[in-house]
Amino acid sequence: MQSNTTKKNEVITACLLSALAFGTAWAVRGKFGHEQGAAWAGGIGAMGVILVAKRADWYNRMWEIVLASAFGWGLSGMISYGAVVGYARADDFINIFYGLSMLFVIGSLYGFLGGGLFALSLSDTKEDRVPWAVLLTEMLAFGLLTYGLLINQLGWLMTPPRSELWAACLGACIPVGWYAFRTNKRQVLRVAIWSALGSGWGFAFGNFLQVMANAVNFPMNPWNIMEYSIGFFGGLGMCYSTLTSTWPVLEVRTSGANKIAAALVLIVIPFVVWDQSFNPKQLDHILKLGGTESLITVFQWIAIITITLMAVALWRTVSKKVTDYSTVQRTFVLFAGAYILLSFLLTGIAVHPVEQYLYLVNVAVILIVAARMHSPFTTRNEPATTWLVTAMSAVAVIALLTLVVLTCNPKMLDTVGRF
């Protein structure tokens with residue numbers, strides 16, 4: 001029987017490992033961008049939670065869980081934030097605070113959708129099925145209605161002149177939250193909200209770190225620092241709320257549902273990443289380094305072969321009953337490893353920034369420490385006021401960070417126009 005202190009330490013360790021996994025995945029996502037990059041990263045984030053949770057009943061539903069997370073986090077990948085990031089490079093309080101606080105909002109949308117759909121997949125049992133078709137239809141309808149109201153009618157623009165699809169994602173959050181509330185799935189609401197608070201804070205804090213890193217010429221890619229922060233804190237919130245909630249035992253589903261989910265995760269998402277990223281324009285660094293167009297073709301083939309080998313190797317986990325932890329470990333290594341390798345190819349294996357090597361260090365730490373852990377579940381049930389206080393505290397800290405940026409005043413050359 002574990003003591004309360006030991007159990008608490010196990011939860012903390014598990015959350016940090018999951019945060020490392022998601023932080024690494026979201027940093028890699030920065031090389032690919034858009035919905036497909038966020039979807040692959042979201043899948044790795046879910047797999048990281050499964051890896052540290054050590055719930056055997058989740059293993060056989062792994063691809064359904066990973067797909068739900070990939071869809072939720074990937075959906076929010078449509079949000080444009082480049083213009084908002086620029087506000088933190090201004091030289092007055094209002095513009096800087098606006099930029100950081102709006103990134104908190106955008107990050108929260110990432111987390112609510114990603115964490116919410118991930119949590120729904122953990123509560124989807126034979127006795128209490130989640131009506132996925134109805135829910136997705138409602139998400140689409142509310143997304144369109146909210147966008148039409150906020151953008152077309154009221155003209156509430158957050159990121160002009162860029163896309164305002166944050167409003168569509170906000171609308172898609174409404175049915176997810178309402179379904180969890182009216183069906184009394186408080187654990188789902190907890191995961192959605194803590195994931196939102198984590199990724200929201202991670203985005204705002206990451207942008208702060210990005211600005212300060214630029215100001216002092218820190219020898220790392222500042223964008224990579226910000227992206228890692230989003231995934232780290234988003235993964236922290238998602239894992240913490242998962243491990244401190246009570247979940248039903250998931251029964252083994254028919255292989256058909258698992259195969260469809262696995263096909264989408266292992267074939268469709270990676271292929272879209274390859275199609276959108278491994279084109280001559282994205283691989284022009286090869287020509288700049290003295291390579292040829294033939295070498296670009298070689299890199300394209302290496303990428304598609306990597307995806308194919310990963311999919312073939314992991315398909316065995318789809319057609320058989322998974323009961324052992326070692327299979328989950330191998331799945332995590334291959335799924336995350338393929339994503340990292342593709343980022344190396346896209347950036348240039350011989351010339352990519354040094355921080356990308358840290359991806360491999362993170363994965364090694366996760367595997368070594370997670371293998372020695374026990375299942376770290378405990379139960380907490382904080383009141384809803386805690387979520388509100390946490391959100392308000394985050395905004396207050398963002399105001400303090402604004403003062404720090406304003407005091408340092410890095411004098412960025414590409415300052416965005418006034419809000």
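This is a short talk through the overall build of one protein chain and a few of its residues.

Okay, hi everyone. Before anything else, keep in mind that what you see is a predicted model.

Let's start with the whole chain. What is it built from, helices or strands? There are 17 helices and zero strands. The radius of gyration comes out at 21 Å, close to the 22 Å that the globule rule gives for 419 residues, so the chain is as compact as a globular protein of that length. If you'd like rough dimensions, the C-alpha trace spans about 60 × 55 × 45 Å along its principal axes.

How much of the chain is tucked away? Of the 419 residues, 56% count as buried. As for the outside, the chain exposes about 17,700 Å², and carbon and sulfur atoms supply 68% of that. Now contacts: take those with a separation of 6 or more, and 83% of them come from residues 24 or more positions apart.

On to charges. The chain has 27 positive and 20 negative charges, and the mean positions of the two groups sit 7 Å apart. As a general point, side chains of opposite charge can pair when their charged atoms come close. So how many salt bridges does the structure hold? Five. I'll walk you through a few of them.

Take D57 and R55 to begin with. Their side chains meet in a salt bridge, at 2.8 Å from N to O. Are these two residues buried or exposed? Both D57 and R55 are buried.

Next up, R61 and E64, whose side chains also meet in a salt bridge, this one at 3.4 Å from N to O. R61 counts as buried because its relative accessibility is 2%, and the cut-off for that is under 20%. E64 has 15% relative accessibility, so E64 counts as buried too.

Then there's E382, which forms a salt bridge with R190, and the closest N and O atoms are 2.8 Å apart. Why look at this pair? E382 lies in the loop between α16 (357–370) and α17 (384–408), while R190 is in helix α9 (residues 186–215), so the pair ties together parts that are 192 residues apart in sequence. E382 is buried, and R190 is as well. Back to R61 and E64 for a second: salt bridges that share partners join them and E251 into one network.

Now two single residues, if you want to find them on the screen.

Where is Q36? Look in helix α2, residues 34–53. Q36 has a relative accessibility of 12%, so Q36 counts as buried. And what does Q36 touch? Leaving out residues up to four places away in sequence, Q36 touches I269, V272, V273 and Q276.

The other one is D128, in the loop between α6 (93–122) and α7 (132–153). D128 has a relative accessible area of 34%, which means D128 is partly exposed. Again not counting residues up to four places away in sequence, D128 touches S123 and K185. There's also T183, which is 55 residues from D128 along the chain; the C-alpha atoms of D128 and T183 are separated by 9.7 Å.

To recap: we have a chain with 17 helices and zero strands, five salt bridges, and a network joining R61, E64 and E251. That's it from me, thanks for listening.

Notes: Residues are numbered from 1 along each chain as its sequence is written. This is a predicted model: local features need pLDDT of at least 70, side-chain atom pairs count only at pLDDT 80 or more; totals for chains, interfaces and linings use all residues. Side-chain values use heavy atoms; hydrogens and water are left out. Helices (H or I, at least four residues) and strands (E, at least two) are DSSP runs, numbered from the N terminus. Buried means under 20% relative accessible area, exposed over 50%, partly exposed in between (1.4 Å probe, protein chains only). Contact means heavy atoms within 4.5 Å. A salt bridge is a side-chain nitrogen of Lys or Arg within 4 Å of a carboxyl oxygen of Asp or Glu. The radius of gyration is taken over C-alpha atoms; the globule rule is 2.2 Å times the number of residues to the power 0.38. Accessible areas come from the Shrake-Rupley method with a 1.4 Å probe; for residues, only the protein chains shown count as cover. Lys and Arg count as positive and Asp and Glu as negative; His and the chain ends are not counted. The place of a charge is taken as NZ of Lys, CZ of Arg, CG of Asp or CD of Glu.
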